[in-house]
Amino acid sequence: MNAFPPPLPGCRILVVFGTRPEAIKMMPVLAALRDHPRLRPTACATGQHPALVADVMAEFGERPEIELGALPPGRGLPLLTGYLLTSVASAIAAARPDLVLVQGDTLSAFAAALAAHQAGVPVGHVEAGLRSGDLANPWPEEFHRVAIDAMAVLRFAPTEQAAAHLRTEYGSGQVLVTGNTGIDALFRARRTGVVPVAIAPGRRLLLVTAHRRENWGAPLLRIAEAVAALAQREDVEIVWPLHPNPAVRDAVTGRLAGLPRVHLLGALPYCDSVALMRAASLLLTDSGGMQEEAPALGCPVLVLREVTERPEVVEAGAAEVVGTSTEGILAAARALLEDPVRLAAMSRPIFPFGDGRASERIASAIGAWWEARCSASA
Ligand SMILES: CC(=O)N[C@@H]1[C@@H](OP(=O)(O)OP(=O)(O)OC[C@H]2O[C@@H](n3ccc(=O)[nH]c3=O)[C@H](O)[C@@H]2O)O[C@H](CO)[C@@H](O)[C@@H]1O
């Protein structure tokens with residue numbers, strides 16, 4: 001007779017993501033879940049940004065095990081939401097997971113959490129508790145975060161401040177401070193990236209990215225205007241890897257294509273994006289993930305948003321929120337470029353978003369949650 005109790009079944013986890021930044025932040029989590037003896041993750045790509053997600057996964061030696069169909073043409077949020085909700089619901093019905101794990105605040109993450117919630121499957125949320133306090137900024141992501149956290153039974157907060165929001169909203173149960181898995185990704189990428197343009201000696205590299213929906217239209221044109229003015233300086237070269245969305249690409253190329261010292265590139269492999277941040281003297285961005293990565297790489301940030309849900313980076317002295325007015329951006333960039341002492345002080349690598357071990361904490365917390373569930377139902 002076997003003296004030991006039968007092994008408990010492994011926890012089936014559907015790890016759902018649809019965009020480049022989610023894929024980047026989920027790859028280390030996927031690896032940590034695979035390393036855990038009691039957890040059985042399945043990677044499910046929603047089809048929101050299939051090509052960018054496939055590229056990121058390949059950089060981490062992964063590929064999706066479930067690939068949902070690419071989104072239909074037509075970019076309206078209601079159509080995309082309905083499509084993603086339905087397709088993730090079908091994947092959940094087929095895979096019958098014990099947990100659906102989502103990350104961040106994209107439409108894919110929101111639709112996947114809602115599909116799980118409607119199917120009665122528990123939801124885990126990586127990067128829980130970020131709040132700008134303004135549902136219009138970032139839009140629609142701020143609402144997605146709030147809604148996903150409301151549905152989640154496991155909330156993994158990247159920082160103490162994010163955890164504090166969750167404790168205020170939900171009490172202290174099931175909030176774990178893990179660090180941000182984007183920092184884990186910085187340590188786990190398989191290849192060292194390259195700076196994809198040659199920067200003339202004596203010139204400083206300014207890196208620009210902007211693609212947020214709330215910046216489409218007039219704000220993006222004001223940002224491009226500021227970049228055009230900065231490009232008149234002989235001591236800089238500007239690199240702007242463009243998001244493939246036509247609303248972004250057309251507006252930016254319309255104003256900046258062909259200007260001296262301005263390099264407009266396509267979307268870069270993740271490792272090259274990291275290499276550029278390492279090499280840049282200054283980053284101007286509305287990206288959330290790059291606000292987290294750049295401080296760890298010693299690159300100061302000017303945040304092209306009205307508010308940031310990442311106050312940690314401002315409090316640590318590595319970033320300033322400058323908004324999207326041409327004059328505001330120019331004044332902040334010039335002030336820094338002309339004050340080498342201040343720029344150097346902002347260029348010391350700091351780690352407000354964790355130590356690169358967030359994913360193992362998440363895997364081990366899910367493992368403990370699963371053990372507790374199995375014991376309760378035994
Ligand atoms: C409202 C908001 O803040 N939401 C965020 C949003 O994403 P984001 O704003 O961070 O999105 P992007 O800027 O697209 O991606 C950034 C990543 O892409 C890399 N990169 C960049 C250019 C390039 O050419 N090649 C690359 O590889 C770059 O190094 C970085 O890792 O969704 C995330 C997921 O849910 C959330 O966590 C997060 O809150």
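Two strands are taken to pair where DSSP finds at least two bridges between them. With that rule in hand, this report on a predicted model turns to strand β5 and its two partners, then to the domains, and finally to the ligand.

**The strands around β5**

Strand β4, residues 99–103, runs parallel to β5 and is joined to β5 by four bridges; within this pairing, Val100 of β4 has Val123 of β5 as its bridge partner. Between the two strands the chain passes through helix α4, residues 107–119, in a β-α-β crossover that is right-handed. Strand β6, residues 154–157, also pairs with β5 in the parallel sense, here over three bridges, and Gly124 stands opposite Leu154 of β6. A right-handed β-α-β unit is again found in this part of the chain, made by β5, helix α5 (residues 141–151) and β6. The side chains of β5 itself, which spans residues 123–126, divide by direction, with Val123 and His125 pointing one way and Gly124 and Val126 the other, and all four of these residues are buried.

| Strand paired with β5 | Bridges to β5 | Sense |
|---|---|---|
| β4 (residues 99–103) | four | parallel |
| β6 (residues 154–157) | three | parallel |

**The two domains**

The domain assignment divides the protein chain into domain 1, which covers 11–179 together with 357–377, and domain 2, which covers 204–346. Their C-alpha centres are 28 Å apart, and where the domains meet, 15 residues of domain 1 are in contact with 15 residues of domain 2. On the side of domain 1 that touches domain 2, helices α1 and α2 (50–59) each supply at least two residues, and the largest share, four residues, comes from α2. By class, that side of domain 1 holds seven nonpolar, four polar and four charged residues.

**The ligand and its surroundings**

Where does the ligand shell lie with respect to the two domains? Domain 1 and domain 2 both give residues to the shell, so it lies between them. In total 25 residues surround the ligand, and the closest are Gly104, Ser273, Ser287, Gly288 and Gly289. Three helices, α1 (20–35), α10 (270–279) and α11 (288–296), each provide at least two residues of this shell, and the largest share, five residues, is that of α1. Helix α1 thus appears in both settings, with at least two residues on the side of domain 1 that touches domain 2 and five in the shell around the ligand. Sorted by class, the shell has 10 nonpolar, eight polar and seven charged residues.

How values were computed. Residues are numbered from 1 along each chain as its sequence is written. This is a predicted model: local features need pLDDT of at least 70, side-chain atom pairs count only at pLDDT 80 or more; totals for chains, interfaces and linings use all residues. A residue is near a molecule or strand if its C-beta atom, placed from the backbone, lies within 6 Å of it. Ala, Val, Leu, Ile, Met, Phe, Trp, Tyr, Cys and Pro count as nonpolar, Asp, Glu, Lys and Arg as charged, and the others, Gly among them, as polar. Domain bounds come from an automatic or database domain assignment. A residue is buried if 20 or more other C-beta atoms lie within 10 Å of its own, exposed if 12 or fewer, and partly exposed in between; C-beta atoms are placed from the backbone. A crossover is right-handed if, with the strands pointing away from the viewer, the path from the first strand over the helix to the second runs clockwise. Two residues are in contact if their C-beta atoms, placed from the backbone, lie within 7 Å.
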